[in-house]
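User: I've got this model open on my screen and would like to talk it through. Could you take me around the metal sites and the helix packing?

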Amino acid sequence: MGLILLVMAGPLQGQDETQPLTVPLRFDHYYTYEQVVEAMKLLHRTYPSLTQLNLLGKSEEDREIWELTIHNPETGDILDKPGVYVDGNIHGNEIQAGEVCLYLADLLLTHYGRNERITRLVDRNVFYIVPVVNVDGRYHFFADANTMHSNRGLRRPKDDDHDGRINEDFPDDLDGDGNICMMRKRDPNGKYRTDPSDPRLMVRVGPGEKGEWTLLGYEGIDNDGDGRINEDAEGYVDPNRNWGYNWAPPYVQRGSGDYPFSGNAMRAIASFMMDHPNIIVVWAFHNYGGMILRGPSTKQEHIPQADIRVYDYLGKNGEKIIPGYRYLISWKDLYSTYGDFTDFTDNIVGSYSFVGELYRIAQETYRSPSSGGKKEEETLFGGEDVERTRERLKFNDYVAMGMLFKPWKPYHHPVYGDIEIGGWMKMSTRIPHPFMLEDLVHRAASAVLFTADQTPEVKMTLLGKKKIGKDLWQVRVRLSNEKAIPSMSYISVNEKLYPKDMVTVKGPRVTVVAGGRLLDEYTGRTLYKEKKPEIQFLQVPGFGHTDLQFLLKGKGEVTFLYRSRKAGSRRMKVVL
Ligand SMILES: [Ca+2]
Ligand SMILES: [Ca+2]
Ligand SMILES: [Ca+2]
Ligand SMILES: [Ca+2]
Ligand SMILES: [Zn+2]
């Protein structure tokens with residue numbers, strides 16, 4: 001018992017700075033911001049030929065935002081492979097998202113050359129991994145006393161209560177335990193009474209019942225003497241409402257910032273993405289709720305059915321890879337948000353994007369299968385359910401060794417007088433206890449790898465070559481793709497986000513007389529392009545193919561070159 005407590009106590013504080021980091025990385029604890037950076041540098045040092053470490057920019061408080069690129073340069077140029085971008089911790093308090101990214105990097109690198117599937121992925125794809133987007137948020141989440149919800153936003157100075165002072169009244173860790181918990185005061189007119197089955201828990205009083213407690217919010221005093229408590233903490237700019245697509249000002253979308261991309265990290269990542277146009281899959285990890293979300297983030301009608309089919313295929317497989325997670329649509333199944341990251345990547349970068357909402361609090365159970373009661377899923381959106389909270393308290397006691405919930409303790413408050421401080425601690429509720437972390441990071445990384453494996457793999461083959469006259473040839477070329485994701489998204493095609501894929505035909509002694517899309521290989525029906533038949537524009541669908549037909553005059557060698565922004569390039573030589 002002593003040993004278990006010793007091992008778990010360090011990690012639950014989030015760090016064990018006496019232990020040097022080693023590869024493979026460990027996922028039985030959470031890494032501080034500094035340790036995440038150290039871990040990325042260590043992976044890069046250990047696998048220099050498979051990685052690049054890029055400094056994307058600096059945060060509002062001058063912390064470094066790092067990106068780790070994983071690919072095998074021996075199998076092709078970096079921009080010539082389907083790019084998979086994965087990030088986490090854009091909300092500073094959503095820390096396990098960073099561990100998912102680190103785990104993914106660690107898994108790819110430590111298994112390269114030893115595991116066939118991983119080796120293939122590293123050879124065929126390129127992974128861009130940003131474990132911590134909101135670096136100040138993660139730093140402060142570990143370094144300062146927090147609730148499980150605080151230090152979410154960017155550290156952009158903002159006067160929340162318009163009193164001319166900035167960030168002057170944070171919550172305060174009154175009892176000095178590193179957590180911002182709740183304050184409660186005995187009050188016969190209060191809205192809460194003690195739960196008879198667990199005195200730590202309060203339940204709302206019913207009509208005609210007598211109250212016992214008033215809840216006074218998070219721990220804190222009136223730091224600036226303005227008569228209000230905890231009214232102006234960091235920010236608030238929400239880094240996931242600050243992107244330059246479908247952005248809305250703060251009176252429409254709380255926390256959107258002064259203008260799109262006003263956050264340093266947003267600007268740095270957007271610019272990185274513009275420099276890496278091969279990104280076709282995006283994963284952004286958050287907590288919590290156990291969801292795999294796709295866009296749009298507000299009600300928009302422009303997403304083509306053909307893209308939705310791709311999303312459904314990937315999302316439904318994701319649901320199976322992470323048991324209990326649900327594949328949902330952001331605006332429809334949750335709520336609408338403006339200036340969202342994945343709306344930006346879907347509609348500007350032209351990727352297929354998912355948000356992984358990590359961790360189901362339903363895993364915190366203390367119940368035998370025969371005891372009945374509500375199903376875990378039924379409590380997911382239902383808010384706080386007393387029965388579930390009782391169960392979670394038992395989970396805290398008997399499984400998490402009391403590390404999630406702080407027992408109520410008396411405290412003398414300068415304004416409220418005699419109160420009690422207690423409740424769920426910062427490393428609870430949204431974040432799994434470290435003993436559950438390894439399962440979480442592995443399954444989330446596996447969902448990413450499933451989508452990476454489904455990025456387009458275009459093959460160019462000669463479908464037919466027929467002499468139809470003197471020096472006149474009919475040549476058919478097939479571009480096929482046996483993966484689920486097309487060579488470019490249908491949004492990208494419809495909204496003309498960038499030029500379509502191209503096939504160019506060149507031969508020193510060959511003229512392209514005609515060329516176009518072969519619609520039916522049996523009837524030969526072809527949609528010939530009016531001008532410049534030697535350049536054809538196209539998209540290669542998922543689980544399908546696109547055929548071209550050319551009439552070529554001349555003889556000798558002719559080269560067909562396929563070039564795609566996201567699916568790489570292919571070259572084929574044919575001799576007439
Ligand atoms: Ca203020
Ligand atoms: Ca405290
Ligand atoms: Ca105040
Ligand atoms: Ca104030
Ligand atoms: Zn989030």
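User: Let's begin with the zinc ion (ligand 5): how are its donor residues spaced in sequence?

Analyst: Keep in mind that this is a predicted model. The zinc ion (ligand 5) takes its donors from His-91 (ND1), Glu-94 (OE, listed twice) and His-286 (ND1), at 2.0 to 2.4 Å. Two of these sit in distant parts of the chain: His-91 is in the loop between strand S3 (83-88) and helix H3 (96-111), while His-286 belongs to strand S9 (residues 279-287), 195 residues apart. Written as a pattern, the spacing is H-x2-E-x191-H.

User: Are those two histidines buried or exposed?

Analyst: The cut-off for buried is under 20% relative accessible area. His-91 comes out at 2%, and His-286 at 4%. Both values are under the cut-off, so His-91 is buried and His-286 is also buried.

User: What arrangement do the 4 donor atoms around the zinc ion (ligand 5) make?

Analyst: Four donors count as tetrahedral if all angles lie between 85 and 135 degrees. Around the zinc ion (ligand 5), the angles run from 57 to 146°. That range is why the arrangement is called irregular.

User: Over to calcium. What arrangement do the donor atoms of the calcium ion (ligand 4) make?

Analyst: The protein donors of the calcium ion (ligand 4) are Asp-161 (OD), Asp-163 (OD), Glu-168 (OE), Asp-224 (OD), Asp-226 (OD) and Glu-231 (OE), 2.1 to 2.5 Å from the ion. For reference, ideal angles for six octahedral donors are 90 or 180 degrees. Here the 6 donor atoms subtend angles of 70 to 175°, which makes the arrangement octahedral.

User: How many residues apart in sequence are the parts that Glu-168 and Asp-224 tie together?

Analyst: The donor residues of the calcium ion (ligand 4) follow the spacing D-x1-D-x4-E-x55-D-x1-D-x4-E. Glu-168 is in the loop between helix H5 (135-143) and strand S5 (182-186), and Asp-224 is in the loop between strand S8 (213-218) and H6, so the pair joins parts that are 56 residues apart.

User: Which residue bridges the calcium ion (ligand 4) and the calcium ion (ligand 1)?

Analyst: Those two ions lie 4.2 Å apart. One of the donors of the calcium ion (ligand 4) also serves as the bridge. That residue is Asp-161.

User: And the calcium ion (ligand 2): which pair of its donors ties together parts 40 residues apart in sequence?

Analyst: The calcium ion (ligand 2) is coordinated by Asp-173 (OD), Asp-175 (OD), Asp-177 (OD), Asn-179 (O) and Glu-219 (OE, listed twice), at 2.3 to 2.6 Å. Angles among the 6 donor atoms go from 51 to 164°, and the site is irregular. One donor of the pair lies in the loop between H5 and S5, the other in the loop between S8 and H6, and both are buried. So the pair you want is Asn-179 and Glu-219.

User: Now the helices. Are H6 and H9 roughly parallel or antiparallel to each other?

Analyst: Helix H6 (residues 264-275) and helix H9 (residues 341-349) pack at an angle of about 25°, with axes 12 Å apart. The contact involves Ile-269, Ala-270, Met-273 and Met-274 of H6, and Phe-341, Phe-344, Thr-345, Ile-348 and Val-349 of H9. Angles under 35 degrees count as roughly parallel. H6 and H9 are therefore roughly parallel.

User: How many of the residues of H9 are buried?

Analyst: H9 is mostly covered. Its cover includes S3, H6, S9, helix H7 (305-321), strand S12 (352-358) and helix H12 (490-494). Among the buried residues are Phe-341, Asp-343 and Asn-347. The count is 8 of 9 residues.

User: Take Thr-342 in helix H9: which residues does Thr-342 touch, not counting those up to four places away in sequence?

Analyst: Thr-342 counts as buried, at 3% relative accessibility. Leaving out residues up to four places away, its contacts are Ala-284, Ser-353, Phe-354 and Val-355.

User: To finish, what percentage of the residues in the protein are buried?

Analyst: The protein has 12 helices and 23 strands, and its C-alpha trace spans about 100 × 50 × 50 Å along the principal axes. Of contacts between residues at least 6 apart in sequence, 72% join residues at least 24 apart. Among the 576 residues, the buried share is 56%.

Notes
Residues are numbered from 1 along each chain as its sequence is written. Chains are lettered from A and ligands numbered from 1 in the order in which they are written. This is a predicted model: local features need pLDDT of at least 70, side-chain atom pairs count only at pLDDT 80 or more; totals for chains, interfaces and linings use all residues. Side-chain values use heavy atoms; hydrogens and water are left out. Donors are N, O and S atoms within 2.8 Å of the metal (3.2 Å for Na, K and Ca); water is not among the atoms, so sites may look incomplete. Four donors count as tetrahedral if all angles lie between 85 and 135 degrees; four count as square planar and six as octahedral if opposite donors are over 155 degrees apart and all others between 65 and 115; anything else is irregular. Helices (H or I, at least four residues) and strands (E, at least two) are DSSP runs, numbered from the N terminus. Buried means under 20% relative accessible area, exposed over 50%, partly exposed in between (1.4 Å probe, protein chains only). Axes are lines fitted to C-alpha atoms, for helices over the stretch in contact, and angles run from 0 to 180 degrees between N-to-C directions. Angles under 35 degrees count as roughly parallel, over 145 as roughly antiparallel, 65 to 115 as roughly perpendicular and the rest as oblique. Contact means heavy atoms within 4.5 Å.
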